[in-house]
Each structure stands twice: as C-alpha cells, then as structure tokens.
Amino acid sequence: MSLIPVIARLEEKRALDHNHSLFRFIFKEEQMREKFHFQPGQFVMLSIFGVGEAPISITSGPDEKGFIDLCVRKAGRVTTALYSLEENGKVGIRGPFGNGYPVDKMRGGNLLIVAGGLGIAPLRSLIRYVLWRREAFKEVAIVYGTKNPASLLFNEEMRELVLRRDIKCLLTVDSAQDNESWKGHVGSVTDLIDMTGMPLMDTSVAVCGPPGFYKYVLEKLLSLGCSKGKIYMSLERRMECGEGKCGHCVIGHKYTCIDGPIFTYWDAINLPEIF
C-alpha cells in the first residue's frame, strides 16, 4: 500500500449512462504498473491536483495489469473536476486501501453476487476475479438490478454474462416503460435471487447497492437460510484519508477505511447507524 500519491494519466473515459462514466488510468512509472496489486472490493484515493481527493472503488479485475478502471458518478467537487479532465491528463492515486472481499474464503464454494445500481462497480472487480479462475468456484450466480434499461451500467458486458453457460447472470429493471427493446425481467432484484435456483444455505453472498437496497436483499437472503457470516456487504461511508487517521469514517468501534469497506452482515448488525 502506497501512502504517497503516484502519478497516473487518464487513458480513456467512457460514458456508461448520463450519470456514470468509466475512467481508465495508467501509472506513469512502468515499474508501478507491475507492482500495483489489489483485492476485489478495495479502493483508491484519487487526487485531482488543486481540487482535492476522493475514495473510489476499483472496478477492473486484479489480474488485469498495467491499468486500473474506476467507475465514477459525477456527484461532488473532485468527481466534477475528474469529468472535466482531458485524456492524458494527470491525477494522483494512493492505495489500494481497505480489506476487499475475502476471496480465499469464497473459493471452493458457491458464490452469489447481488448488485443494485452503482453497486456493480466494486462487484465488477470481483466478477472478473472469479471468471479469471472460474474452476476455483462451484456454482456462480450474478443478479443485477437498476431503475430502467438506460441506467444498466456495463450494458454490453452484462448481456455477455447472461449468455455464458458456466455462470447464471440475471438482470432486472424497476420499470421498462417506453423501452420495447428490453427483453429482461421487470421487478425487484429479490425476485432474481429466487430465479437463480441456487442453494443458499452454505453459499457466500457479495452484496453492494444503494442504502435502501440492503434492507430488502438482506431480508430475502436470511429468509432463504443464508448465514449472516457469509453475507459480505460493501459499506463505503465517509472515507477520507484511507489510513484510519482522520476518523471521518468511524462507525462504532470500526474504521470503514481499514476494517472495511467489506463487512459481514454479522459484523454490520453490531455497528450503530447501519440499520
């Protein structure tokens, strides 16, 4: 983990919908491109010089070397400046930070990935990790829900996952009005959990989505017998320094930036302000 920002340049930016874009960065130093290792679910601190710094989940897979992808919503001073950055523009990157998903514990078993909206960003890294070593897992299912077809992030990638036969990927939207091309499910992401047909009693589940999303997904998972200790949630709350020093992300006795951002449901129910 580097505590000093290293210079990276913006290689590419691609709009995913009207609110989110994918930014690909390449480290300036060739040695850094090889040295930079991370776990799915970890994040970096991205600096826009003269503006500030913000925590952002890594979206690319850990086996993809030479670059990192960040999926960003334009929502504040730093991200607004990032959207204005031209290709080849320079940024600072610190990290990686956080614990990431416990992939060693997940290997060898079934895995269910449940995403809502922008929650697909850190989970895309986990998906790419799993597909890189598909034989290390038993049954793998991905369920992803968004408000409407236009807000489905990584649209082409997700549709390719639907066609794969070695995993089950199901997509849903809350509403598909005026979109006759949408042939997928319309309804709640919890409907899709039933449709996977996956036995959940001893399955690891990775969940990430907006705050209101967790309540219904967790209720559903528990009703199907999921173990609280095998439900892994990404709780990215008010992280600023990434080092457990500023205290902004403290929840109870935990620092989200160093003890998380991945927590089991069992851990989360003992933290104040979460539910």
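Visitor: What makes the largest nonpolar set of this structure a core, and which residues have the most contacts inside it?

Guide: A nonpolar core is a set of buried Ala, Val, Leu, Ile, Met, Phe, Trp, Tyr and Cys residues joined through side-chain atoms within 4.5 Å. The largest such core has 62 residues, and those with the most contacts inside it are Y101, L112, V114, L126, M158, V207 and L221. Helix α4 (residues 120-132) gives the most to this core, namely seven residues. Apart from this core lies another, of 24 residues, including F27, V44, L70 and A81. The model is a predicted one, in which local features need pLDDT of at least 70 and side-chain atom pairs count only at pLDDT 80 or more, while totals for chains, interfaces and linings use all residues. Residues are numbered from 1 along each chain as its sequence is written, and side-chain values use heavy atoms, with hydrogens and water left out.

Visitor: With which residues is M158 in contact, beyond its neighbours within four places in sequence?

Guide: Contact means heavy atoms within 4.5 Å. With those neighbours left aside, M158 is in contact with I120, I142, Y144, L153, C169 and L171.

Visitor: Why is L22 called buried or exposed?

Guide: Buried means under 20% relative accessible area, exposed over 50%, and partly exposed in between, with a 1.4 Å probe and protein chains only. L22 has 6% relative accessibility and therefore counts as buried. Its place is in strand β2 (residues 20-27); helices (H or I, at least four residues) and strands (E, at least two) are DSSP runs, numbered from the N terminus. Among the contacts of L22, outside four places in sequence, are E12, L70 and F154. L22 and E12 are 10 residues apart in sequence, with 8.0 Å from C-alpha to C-alpha.

Visitor: Why does R133 count as buried or exposed, and where does R133 lie?

Guide: R133 has 14% relative accessibility, so this residue counts as buried. R133 lies in the loop between α4 and β8 (140-146), and touches D63 and R107, residues up to four places away in sequence not being counted.

Visitor: How do you know that strands β3 and β4 pair?

Guide: Two strands pair if DSSP finds at least two bridges between them. Six bridges join β3 (residues 43-48) to β4 (residues 52-57), and the strands run antiparallel; they therefore count as paired. M45 stands opposite P55 in β4. The two strands form a hairpin with three residues between them, and G50 in the turn has a positive phi of about 85 degrees.

Visitor: What makes β10 and β15 edge strands?

Guide: β10 (185-186) and β15 (262-264) each pair on one side only. They belong to an open sheet of seven strands with mixed pairing, in the order β10-β9-β8-β7-β11-β12-β15. Three bridges join β12 (residues 231-234) to β15, antiparallel, and S234 has I262 as its bridge partner in β15.
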